[in-house]
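Colleague: I am new to this model and would like a close look at a single part of it. Please choose one part, describe it with care, and then set it against the chain as a whole.

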Amino acid sequence: MSTVTYTDHAGESRVVEATVGDSVMETAVRNGVPGIVAECGGSLSCATCHVFVAEADLASLPPMDEMEDEMLWGAAEDRRDNSRLSCQLTVTEGSDLHVTTPSTQV
Ligand code: FES
């Protein structure tokens, strides 16, 4: 089983069972998790799926490509060292990712 834990900016967490192959953004949207707008639907053109990845999980993720890196500079809340776009993070078998959503995406 794979899970994604979403914590909002106020500290409230939701643990969601995730389907392997879905993105962290799709998992949030399908399960009604607030805090991820995903305006572009995952085509890497909006940055409204910005999340902060827990430090312990960062090393398990594939590195971001140039386009994601560029898009993150346009995110509504300033990017941090652990910023990623959740539409670019794919759920893998047995993964247990922890992300925090910013206070605003727009
Ligand atoms: S959903 Fe638009 S960039 Fe991720």
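Modeller: Let me start in a loop: Leu44 is buried, its relative accessible area being 12% (buried means under 20%, exposed over 50% and partly exposed in between, with a 1.4 Å probe and protein chains only). This is a predicted model in which local features need pLDDT of at least 70 and side-chain atom pairs count only at pLDDT 80 or more, while totals for chains, interfaces and linings use all residues. Residues are numbered from 1 along each chain as its sequence is written, and side-chain values use heavy atoms, with hydrogens and water left out.

Leu44 belongs to the loop between α1 and β3 (helices are DSSP runs of H or I of at least four residues, strands are runs of E of at least two, and both are numbered from the N terminus). Although Leu44 is not a glycine, its phi is positive, at about 60 degrees. Ala38 is found in the loop between α1 and β3 (50-53) as well, and this residue, also other than glycine, has a positive phi near 55 degrees. With 12% relative accessibility, Ala38 counts as buried.

The part to look at closely is the segment after β5, where Gln105 has its place. Gln105 is buried, with a relative accessible area of 6%. Its side chain reaches the backbone oxygen of Gly35 at 2.9 Å, and a polar atom of that side chain lies 2.8 Å from the backbone oxygen of His50 (a polar contact is a pair of N or O atoms within 3.5 Å; within protein, one must be able to donate a hydrogen and the other to accept it, and residues adjacent in sequence count only if both atoms are side-chain atoms). Leaving aside neighbours within four places in sequence, Gln105 is in contact with Gly35, Ile36, Val37, Ala47, Thr48, Cys49, His50 and Ala76 (contact means heavy atoms within 4.5 Å).

Ser103 is placed in the segment after β5 (96-100) too, but it is partly exposed, with a relative accessible area of 47%. Beyond its neighbours within four places in sequence, Ser103 is in contact with His9 and Glu77, and a polar contact of 2.7 Å joins its side chain to that of Glu77. From Ser103 to Met67 the separation is 36 residues in sequence and 23 Å in space, C-alpha to C-alpha.

As for the whole chain, it holds three helices and five strands, and along the sequence they follow the pattern β-β-α-β-α-α-β-β. The radius of gyration of the chain is 12 Å, close to the 13 Å that the globule rule gives for 106 residues, so the chain is as compact as a globular protein of that length (the radius is taken over C-alpha atoms, and the rule is 2.2 Å times the number of residues to the power 0.38). Of the 106 residues, 45% count as buried. Among contacts between residues at least 6 apart in sequence, 64% join residues at least 24 apart. Along the principal axes, the C-alpha atoms fill a box of roughly 35 × 30 × 25 Å.
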